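Work through these exercises with the sequence and the 3D view at hand. Try each task before reading its solution.

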Amino acid sequence: MRKGQNVFAGRSLCVVNDFSVDEQLYLYEKTRALKAALTGGGEARQFAVADPTLGVYLIFLEDSTRTKESFRNAAKFHGVKVNDFNVQSSSFNKKESITDTIKMLYGYSARSMFVIRSKLEGTSRWLEDSLGVYARRNDRDPPAFINAGDGKHEHPTQEFLDEFSFLEQLDWSNERIHLALVGDLCHGRTVHSKVDGLKVFGEVHVDLIAPDELALPEHYESRMTANDFQVRRFASIEEYLSQADVATIWYFTRLQLERMGEEVLEKAPMLRRAVTFGQQFLPRLPEGTKFYHPLPRHREFPTIPFFLDNLPVNGWDRQSINGYYTRIVEIALLSGTLGQDFEGEAMVRPAYLDDFVEEAVVQDGAPRDYKVGIKPVENGIVIDHIGRGEDIGEIWDHIDKIRRIMRLNHRSSHGVYHSSSDRVFKGIISLPDILEFDERQLKMLAAIAPGCTLNMVKDSEIRKKYRLHMPPRIYNFDEISCKNENCISNPRNFEDVRKEFYRSEKSTFVCRYCERPHNFHEIWDV
Ligand code: CP
């Protein structure tokens with residue numbers, strides 16, 4: 001990245017990964033300088049946007065104290081137009097969509113930045129997409145969006161203030177961190193954001209302390225492992241302190257048992273006990289240990305009890321105040337006030353090449369005895385190797401899905417057979433009336449039955465053969481949808497979002513908005 005260009009200006013911050021590791025480190029460096037200036041009586045004017053034409057809108061569809069008030073104060077520091085949108089008395093009560101609401105607010109300022117908290121996961125990403133199109137259509141600069149917490153998904157600005165606080169404790173060394181995550185790791189979005197936020201450290205050791213009912217979802221833990229974090233699991237604080245290798249940074253979260261069923265509620269006292277710090281544990285903490293918490297604490301059942309407030313272990317008060325400084329810098333970066341002296345690797349959005357169709361070799365143009373029922377196929381398409389190696393039930397399921405989703409209501413036959421070369425099961429569909437598939441159909445087929453082959457038969461000979469791989473991206477099909485009911489793109493939320501999935505590791509598809517993984521069967525509605 002060349003000095004002088006501003007890579008931050010005009011961008012949105014929807015998830016932690018919207019900033020590269022170098023960009024995150026730059027944010028911490030600037031925050032450190034700002035905090036030193038503001039607390040030490042130095043000059044801080046160079047951090048301020050000072051543009052009254054910039055409108056910063058606080059749109060909190062879920063309750064908040066810290067995030068909302070720190071952003072409000074940060075926006076005031078900048079001397080911009082601060083708009084506190086009153087959700088309770090707004091036309092949301094008349095079932096207006098958030099997309100329509102934001103389009104209207106966007107018209108009120110020359111430049112806009114929206115800070116959005118929502119129960120619906122992926123809201124900021126969707127608004128970034130849709131308002132980007134709207135801005136282009138109206139020949140205006142697109143607004144910036146900051147995700148202030150979306151459901152169980154992410155809370156990137158909390159993550160940045162958390163990491164800033166850890167770095168402060170570690171005397172600004174990002175070589176190594178050993179962190180204990182304690183509490184409701186299942187529902188806590190601030191914990192989920194740690195999967196990417198901790199990548200600023202060279203070596204990461206994470207201890208997960210939670211009973212099974214509150215455990216970190218498997219896909220987040222496997223992403224931690226993929227990021228080369230050393231991960232250990234413990235069912236309780238008692239179990240954790242019964243071994244020698246104890247972290248000096250502990251991150252607690254509030255229990256969100258109300259989100260769980262009756263069965264779990266019955267176990268509430270036991271679950272709370274497992275992750276609540278007790279007086280008896282104090283002598284077993286390593287010297288210099290600090291506790292952190294995104295807050296708020298539950299006043300009846302705090303996982304960090306109040307007796308700890310005035311002890312040196314209290315890191316959460318300073319952490320909470322750090323939100324003011326990090327958020328000043330985030331507004332300064334996205335508005336283009338800071339960033340000109342950034343040197344490092346900027347975030348690059350992945351490109352998705354449509355590389356899912358591979359031409360395969362046809363063996364000497366040899367005829368194959370593909371049949372429709374008992375008749376050989378003279379001209380048409382034969383889909384072969386469907387679900388090869390899977391059990392018979394799964395192969396029939398693939399065949400059924402291919403036929404229903406692709407609406408293959410033609411003269412045809414299908415079945416499950418042994419391969420001629422070995423005894424492995426596979427499915428075959430013969431389509432004598434279809435001579436080719438278009439790109440859209442190929443993509444559909446690849447997504448439903450990756451690994452299958454497509455044989456183009458002419459005059460009883462296979463003239464061309466293609467092997468289909470799982471496409472890197474599936475989008476724009478009416479027949480797909482995210483199955484997370486809390487995702488902004490889920491049809492029951494009526495935001496008319498274009499559905500989009502990306503292929504990730506382990507052959508799963510990740511929703512563009514809520515990032516929930518789905519296997520390829522799940523994304524289809526039929
Ligand atoms: N940490 C946090 O998001 O707190 P609020 O819910 O008070 O904003």
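**Exercise 1: The ligand shell**

Task: List the residues around the ligand, then sort them by class.

Solution. Step 1: the residues around the ligand are Ser64, Thr65, Arg66, Thr67, Arg117, His155, Gln158, Pro294 and Leu295. Note that this is a predicted model. Step 2: sort the shell. It holds two nonpolar, five polar and two charged residues.

**Exercise 2: Polar contacts and cover**

Task: Find polar atoms of threonine 67, histidine 155 and proline 294 that pair with the ligand.

Solution. Step 1: use a cut-off of 3.5 Å between N or O atoms. Step 2: take the ligand's oxygen atoms. One lies 2.7 Å from an N or O atom in the side chain of threonine 67. An oxygen atom of the ligand is also 2.9 Å from a polar side-chain atom of histidine 155. Step 3: turn to nitrogen. A polar backbone atom of proline 294 is 2.8 Å from a nitrogen atom of the ligand. Step 4: check the cover. On its own the ligand has 250 Å² of accessible area, and the protein covers 92% of that. Step 5: place the ligand. It sits in the second largest pocket.

**Exercise 3: The largest cavity**

Task: Describe the largest cavity by its volume and its lining.

Solution. Step 1: search the whole structure. One cavity of 30 Å³ or more turns up. Step 2: the largest cavity holds about 60 Å³ of space. Step 3: read its lining, which includes Arg66, Gln158, Pro294 and Leu295. Step 4: assign helices. α5 (156-169) and α12 (316-334) each give at least two lining residues. The largest share, four residues, is from α12. Step 5: sort by class. The lining has four nonpolar, four polar and two charged residues.

Key: Residues are numbered from 1 along each chain as its sequence is written. This is a predicted model: local features need pLDDT of at least 70, side-chain atom pairs count only at pLDDT 80 or more; totals for chains, interfaces and linings use all residues. Side-chain values use heavy atoms; hydrogens and water are left out. A residue is near a molecule or strand if one of its heavy atoms lies within 4 Å of it. A polar contact is a pair of N or O atoms within 3.5 Å; within protein, one must be able to donate a hydrogen and the other to accept it, and residues adjacent in sequence count only if both atoms are side-chain atoms. Accessible areas come from the Shrake-Rupley method with a 1.4 Å probe; for residues, only the protein chains shown count as cover. On a 1 Å grid over the protein atoms alone, a cavity is a set of points where a 1.4 Å probe fits but cannot get out, and a pocket is an open set with protein on both sides within 12 Å along at least five of seven lines; lining residues have an atom within 4 Å of a point. A molecule sits in a cavity or pocket if more than half of its atoms lie within 2 Å of its grid points. Ala, Val, Leu, Ile, Met, Phe, Trp, Tyr, Cys and Pro count as nonpolar, Asp, Glu, Lys and Arg as charged, and the others, Gly among them, as polar. Grid points are joined across faces, edges and corners, and a volume is the space filled by probe spheres set on the points.
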